[in-house]
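User: I would like to go through this model step by step, asking for each label what it rests on. Please set each value against the criterion behind it before you conclude.

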Amino acid sequence: MTLAYVPELTASIGVTDMNASLAWYRNVLGFSLLNRVDEIGWSELSTGVPGVTLGLSQNETVAAGGGATNVWGVKDIDEAKAHLDAHGVKQDGDIQHVPGMVKLITFYDPDGNAMMFAQTLTAED
């Protein structure tokens, strides 16, 4: 089975101060805010690169040197999870569902690097 990718990539990074980080990415890099969901500590910015966004995830601490989590857009998150299961890939829990926004699953490569699959939802999902 081959996964069906969509032309989207969200580079997700941890931040300790969402307001300060949003201001920095807007003012310094010229990114624009797409959405902000304070309940889950998440903001997403348009980078100006087609199909590529930057996700900011609120954390109490951030490791020195940062570390990004690549979030790969897929058409069907359930199919993507089944694909990971079939290959024995370590995952961080079940599929997360933010109604009307996204479904996500975190998984790890052999070195423990975190990645995610994301299925963008419509307002009805």
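Analyst: This is a predicted model, and the mean pLDDT of the protein is 89, with 97% of its residues at 70 or more. Among the elements, strand β2 (residues 32-37) has the highest mean pLDDT, 96, and strand β5 (residues 68-74) the lowest, 84.

User: What makes β7 and β8 a pair of strands, and in which sense do they run?

Analyst: Two strands pair if at least two bridges are found between them. Strand β7 (residues 102-108) and strand β8 (residues 114-120) are joined by 7 bridges and run antiparallel, so they meet the criterion for a pair. One of the bridges links Leu104 to its partner Ala118 in β8.

User: How do you know which partners β1 has, and in which sense it runs to β4 and to β5?

Analyst: The same criterion of at least two bridges applies. With β4, β1 runs parallel over 7 bridges, and Ala11 has Leu54 in β4 as its bridge partner. With β5, β1 runs antiparallel over 6 bridges, where Ile13 is matched with Ala68 in β5. Both counts reach at least two, so β4 and β5 are each paired with β1.

User: Why are β2 and β6 called edge strands of the sheet?

Analyst: The open sheet has 8 strands in the order β2-β3-β4-β1-β5-β8-β7-β6, with mixed pairing. β2 and β6 (96-98) each pair on one side only, and they are the edge strands. Neighbouring strands of this sheet are turned by 25 degrees against each other on average, direction ignored. Helix α1 (residues 18-29) packs on the sheet, where it touches β1 (5-15), β2, β3 (42-46) and β4 (52-58), and its direction makes about 160 degrees with that of β4.

User: Where does helix α2 lie, and at what angle does it run to β7?

Analyst: Helix α2 (residues 77-86) lies across β5, β7 and β8, and it runs at about 15 degrees to β7.

User: What joins β2 to β3, and how many residues lie between them in the hairpin?

Analyst: β2 and β3 pair in the antiparallel sense over 5 bridges, including the one between Arg36 and Ser43 in β3. The hairpin that they form has 4 residues between the strands, and in its turn Gly41 has a positive phi of about 65 degrees.

User: What makes a residue part of the lining of the largest pocket, and which residues lie nearest its centre?

Analyst: A lining residue has an atom within 4 Å of a point of the pocket. The largest pocket, with a volume of about 860 Å³, has 35 lining residues, of which Thr10, Ser12, Trp42, Val71 and Met116 lie nearest its centre. The largest share of the lining, 6 residues, comes from β1, while β1, β2, β3, β4, β5, β6, β7 and β8 each supply at least two residues. By residue type, the lining divides into 16 nonpolar, 16 polar and 3 charged residues.

Conventions
Residues are numbered from 1 along each chain as its sequence is written. This is a predicted model: local features need pLDDT of at least 70, side-chain atom pairs count only at pLDDT 80 or more; totals for chains, interfaces and linings use all residues. Side-chain values use heavy atoms; hydrogens and water are left out. pLDDT is the predictor's confidence in each residue, from 0 to 100. Axes are lines fitted to C-alpha atoms, for helices over the stretch in contact, and angles run from 0 to 180 degrees between N-to-C directions. Contact means heavy atoms within 4.5 Å. On a 1 Å grid over the protein atoms alone, a cavity is a set of points where a 1.4 Å probe fits but cannot get out, and a pocket is an open set with protein on both sides within 12 Å along at least five of seven lines; lining residues have an atom within 4 Å of a point. Grid points are joined across faces, edges and corners, and a volume is the space filled by probe spheres set on the points. Ala, Val, Leu, Ile, Met, Phe, Trp, Tyr, Cys and Pro count as nonpolar, Asp, Glu, Lys and Arg as charged, and the others, Gly among them, as polar.
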